[in-house]
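Please open the model in your viewer, with side chains available for display, and follow the stops below in order.

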Amino acid sequence: FENGDRGKNYPGRKAFVPTGVPFINAGHLLNGPIDWANMNYIPEEHYHRLSNGKVKHGDLLFCLRGSLGKFGVVDTDEVGAIASSLVIVRPSELLLGAYLSAYFESKACADMIEEYAGGAAQPNLSAKSLAAFKIALPSLEDQARVVRSIAETRKSVEILILEYRTKLKDLDDLRQSLLQKAFAGELT
């Protein structure tokens with residue numbers, strides 16, 4: 001677990017530039033992917049002054065303030081840094097990143113967030129609280145099996161959604177056709 005740099009080197013909005021090193025905040029986390037297309041950037045020299053919060057390929061970024069539980073997976077080898085509302089979760093050799101992503105989307109994680117969240121006006125967690133979350137840790141082989149099973153289920157659900165959207169469109173087209181015929185006096 002690694003927090004973003006919160007010291008004097010923390011880049012405020014005035015430090016943002018049109019191009020440079022990605023500076024990732026909670027708005028960029030899409031519960032899996034990261035929105036690289038709408039990124040904020042800081043100058044490279046500012047990035048080098050940061051002591052914490054530098055991302056690596058495979059890192060999971062987790063939101064600790066505001067939108068608790070939003071997360072993203074760093075899928076690039078490019079350098080980047082995180083805002084203070086995020087924490088980097090770098091999986092160990094005992095934990096698959098994809099398994100941890102699945103956990104972050106689970107009810108078990110939502111229950112842990114509810115248990116540990118503090119703050120009345122704006123909910124928040126600490127990296128220490130996140131580290132205390134309970135997570136089942138099966139063998140790497142079993143983790144991979146769980147990840148595959150979730151992927152297969154998601155694919156099946158997406159196919160069903162597409163089929164039902166098609167059926168709903170067909171029903172709407174039929175309804176429109178029947179209404180048109182009814183108003184034209186063509187129904188008997």
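Begin by selecting Lys 56 and Asp 59: the backbone nitrogen of Lys 56 lies 2.7 Å from a polar atom of the Asp 59 side chain. Bear in mind throughout that this is a predicted model. Keep Asp 59 selected and add Arg 90, whose side chain makes a polar contact with the side chain of Asp 59, again listed at 2.7 Å. If you trace the backbone around this point, you will find Asp 59 in the loop between helix H1 (44-49) and strand S4 (60-63). Is Asp 59 buried or exposed? With a relative accessibility of 1%, Asp 59 counts as buried, since the cut-off for that class is under 20%. To see what surrounds Asp 59, show its contacts beyond four places in sequence, which are Lys 54, Gly 72, Val 73, Val 74, Ile 88, Val 89 and Arg 90.

Next, select Leu 125, which sits in the loop between helix H3 (107-116) and helix H4 (127-131). Leu 125 is also buried, at a relative accessible area of 6%. When neighbours within four places in sequence are set aside, the contacts of Leu 125 are Phe 62, Leu 64, Leu 68, Ile 113, Tyr 116, Ala 117 and Phe 133. Now add Cys 63 and draw the C-alpha to C-alpha distance to Leu 125: the two are 62 residues apart in sequence, yet 8.5 Å apart in space.

For the third stop, switch to a cartoon view and display strands S2, S3 and S6, which form an open sheet of three strands in the order S3-S2-S6, with mixed pairing. Strand S3 (40-42) and strand S6 (81-82) stand at the edges, and each has a single partner strand, so one side of each is left without a neighbour in the sheet. Zoom in on strand S2 (residues 21-24) and S3, which run antiparallel and are joined by three bridges. Within this pair, select Pro 22 and then its bridge partner in S3, Tyr 41.

Finally, turn on the molecular surface and select Leu 168, Leu 171, Leu 174, Leu 178 and Leu 187, which form a nonpolar surface patch with about 500 Å² of accessible area together. From this group, pick out Leu 178, which is placed in helix H5 (residues 140-183). How is Leu 178 classed by its relative accessibility? Leu 178 counts as partly exposed, because its relative accessibility is 42%, and that class lies between the limits of 20% and 50%.

Key: Residues numbered from 1 in each chain as written. Predicted model: local features only at pLDDT ≥ 70, side-chain atom pairs only at ≥ 80, totals over all residues. Heavy atoms only, no water. Patch = residues over 30% accessible without salt bridge, like charges linked within 9 Å, V, L, I, M, F, W, Y side chains within 5 Å. Areas by Shrake-Rupley, 256 points an atom, 1.4 Å probe, with all protein chains shown as cover. Salt bridge = Lys/Arg side-chain N within 4 Å of Asp/Glu carboxyl O. Helix = DSSP H or I, 4+ residues; strand = E, 2+ residues; numbered from the N terminus. Buried < 20%, exposed > 50% of the residue type's maximum accessible area, 1.4 Å probe, protein only. Contact = heavy atoms within 4.5 Å. Pairing = 2+ DSSP bridges. Polar contact = N/O pair within 3.5 Å; in protein donor to acceptor, adjacent residues only side chain to side chain.
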